[in-house]
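Biologist: Could you take a close look at the internal cavities for me? I'd like to hear what lines them and which parts of the chain are involved.

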Amino acid sequence: MLEENPQNSGPLMNNQKDPGMLDGTPNSAGASSTGSLKADDDLKDFKVSTRSWLVFLTLAVLTLMVALDGTSISVALPIIASKLRGTAIEAFWSGTSFLLCSTVFQPTFASLSNIFGRKPLILIAIVFFLAGTLVAGLSENFTHMLIGRSIQGVGGGGLIALSEIIVTDLVPLRLRGQYFGILSAMWSVGSVTGPILGGGFAQDVSWRWIFYINFPFIGFGVAFVLLFLKLNFIPSSLAAKLRRIDYIGTVIFVGSATSFLIPVTWGGVMYSWDSWRTLVPLIIGAVGLIAFFLYETYYAAEPMIPITIFATRTAIVSYIETVLHGLVLWCGLYFLPLYFETVKEYSPVISGVSLFPLSFTVAPSAVVVGIVVTKTGHFRWSIWAGFLFATLGLGLFCALKPSTSIAGWIFLTLPAGLGLGMLFPSLGFAIQASALPGHMSIAVAMFSFFRAFGQTIGVAIGGVIFQNRMYANLLRYPELAPLASQYSKDAAGLVQVVRAMPAGPEKDHLKEAYTDSLRIVFAVCTAVIGIAGLLSLLTESYDLNKGIDPEQTIRESKTGDAEAVTKH
């Protein structure tokens with residue numbers, strides 16, 4: 001049967017505590033998702049159907065596509081800027097606009113999918129991504145490029161959020177770890193191979209193929225979503241659905257988040273951090289976000305983001321940890337390649353390959369944690385171990401020097417990837433286990449949003465630290481002191497400066513100043529992830545033997561794997 005109307009009785013009215021207590025303590029939030037799988041015996045009998053596997057394959061492919069597109073353009077921007085006769089600032093916004101739009105629209109897609117259904121919203125997200133791909137791939141100037149990348153970002157954000165939400169519609173909580181681990185692996189692989197593909201296309205074929213390569217992914221995604229993504233969803237009139245939309249909340253949230261994140265990205269790049277152009281929108285955005293949560297709490301009839309998703313201590317600390325995890329992860333993925341390109345003078349493609357020790361430990365560790373948590377029913381150990389390895393790994397980054405050997409930097413980057421990878425599924429378990437009944441989809445979407453939010457501010461914070469330290473370090477060398485202000489403005493811009501210098505003491509000193517500056521960036525990241533680890537000690541223990549929220553579940557064909565579906 002289809003689920004009850006969430007506006008009436010729904011899952012909130014049918015909550016019952018789980019009989020099993022795998023982690024040894026009762027669920028402090030009473031957050032047991034209703035569904036047909038409420039006991040350990042039922043979980044053991046649960047099997048993922050063929051249709052669900054095909055849906056999951058589709059989600060993995062779409063996740064890989066978004067990750068590839070989000071990162072492949074970075075190394076190709078100088079070539080694109082030359083071909084389109086654009087400025088460095090226009091090139092900067094081509095990369096940044098995707099991440100911004102991807103971040104701010106994720107909760108909106110999640111909220112609308114609760115009203116209109118997952119399938120229509122994921123198709124809309126694919127259409128946005130396709131439209132943006134066409135505009136960017138066919139662009140003849142940077143105005144078109146920026147429009148295309150922004151539209152792509154909207155669709156990409158929707159695909160990432162909905163992919164994680166749909167997994168919760170397919171699989172009970174305890175069994176989700178391996179599936180989220182695979183999605184994390186797809187994101188990791190795409191994030192690392194993206195710059196390699198982008199650099200290869202831009203240098204040897206055409207930069208436009210960075211966008212054209214998306215078409216097979218899009219075609220595959222549309223076909224498989226139409227064929228296999230069939231979810232139970234209670235029908236209602238279009239008028240009733242439109243009345244449920246939180247219009248005011250959506251406008252306030254998107255506007256405020258955008259106002260906050262734009263100055264965070266251009267601070268220190270386009271305008272100084274003490275400029276009114278940076279401070280005014282930053283303050284407006286912060287005040288707007290506070291106003292948004294006040295509106296959602298006291299005035300919204302059906303809130304876009306219910307304040308009750310922050311109702312437990314575990315949820316609050318886990319969301320904070322997710323922001324800090326995203327911040328440190330993206331800071332490392334941004335500045336470590338710059339070490340390889342500037343200090344080691346590797347090519348962009350070789351720099352991407354040099355990230356393999358970091359990125360290809362992220363993917364396996366995420367999958368392994370998911371499998372182990374599924375087997376044992378315990379998740380807190382993986383959070384604590386993840387933060388321990390991540391703190392150790394980021395600390396080892398501080399040992400990088402201009403003279404570090406290949407074997408040396410491979411060894412130094414391995415532990416960080418292990419720890420950061422473990423945190424992807426483990427933090428997801430904490431947030432989902434502590435979610436109140438009926439709030440699973442928005443809780444997962446906010447997990448994705450806060451991770452992207454951390455990634456956005458991570459590069460900005462790292463950039464500020466680098467600029468300040470680089471300026472101070474350059475003053476130590478008389479031959480570089482006159483250029484300290486110019487050289488310290490942009491870590492990425494120094495790549496070409498160093499390459500153009502003849503070998504000699506001046507070049508060596510610039511590399512030393514660069515490495516010393518990055519060392520402080522990594523030291524701050526170490527402190528940040530260490531603080532997150534301390535916060536994780538507040539994580540409460542929850543039972544993972546929970547069924548699927550009966551909002552939207554897979555609908556099997558009559559002759560298909562009916563025994564694998566959760567029936568209501």
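Modeller: Sure, and one bit of vocabulary first: helices here are DSSP runs of H or I with at least four residues, numbered from the N terminus. Keep in mind that this is a predicted model.

Searching the whole structure turns up 7 cavities of 30 Å³ or more. Let's start with the largest cavity, whose volume comes out at about 90 Å³. Three elements put two or more residues into its lining: α8 (177–204), α14 (313–343) and α16 (356–376). Of the elements, α8 gives the most, with 4 residues. If you want to click through the lining yourself, select W187, S188, S191, V192, L329, W330, L333, S359, V362 and F424. By character, that set splits into 7 nonpolar residues, 3 polar ones and no charged ones.

Where does this cavity sit relative to the domains? Domain 1 (48–231 + 238–245) and domain 3 (308–546) both contribute residues to the lining of the largest cavity, so the cavity lies between these two domains.

Now on to the second largest cavity, which has a volume of about 50 Å³. The residues around it are L68, D69, S72, L197, F201, I210, I213 and N214. Helix α8 turns up again here: α2 (50–72) and α8 each supply at least two residues of this lining. This time α2 gives the most, with 3 residues. The lining of the second largest cavity breaks down into 5 nonpolar, 2 polar and 1 charged. So that you can compare, the largest cavity has no charged residue in its lining.

While you have the model open, there's one side chain I'd pick out as well. S354 is found in helix α15 (residues 348–354). Its relative accessibility is 5%, and because anything under 20% is called buried, S354 counts as buried. A polar atom of the S354 side chain lies 2.8 Å from the backbone oxygen of I350. Setting aside neighbours within four places in sequence, S354 is in contact with F340, Y346 and W409. One of these, F340, falls within the residue range of α14 (313–343), a helix that also gives two or more residues to the lining of the largest cavity.

How values were computed: Residues numbered from 1 in each chain as written. Predicted model: local features only at pLDDT ≥ 70, side-chain atom pairs only at ≥ 80, totals over all residues. Heavy atoms only, no water. 1 Å grid on protein atoms, 1.4 Å probe; cavity = no way out; pocket = protein on both sides within 12 Å on 5 of 7 lines; lining within 4 Å. Points joined across faces, edges and corners; volume = space filled by probe spheres on them. Nonpolar A, V, L, I, M, F, W, Y, C, P; charged D, E, K, R; others polar. Domains from an automatic or database assignment. Buried < 20%, exposed > 50% of the residue type's maximum accessible area, 1.4 Å probe, protein only. Polar contact = N/O pair within 3.5 Å; in protein donor to acceptor, adjacent residues only side chain to side chain. Contact = heavy atoms within 4.5 Å.
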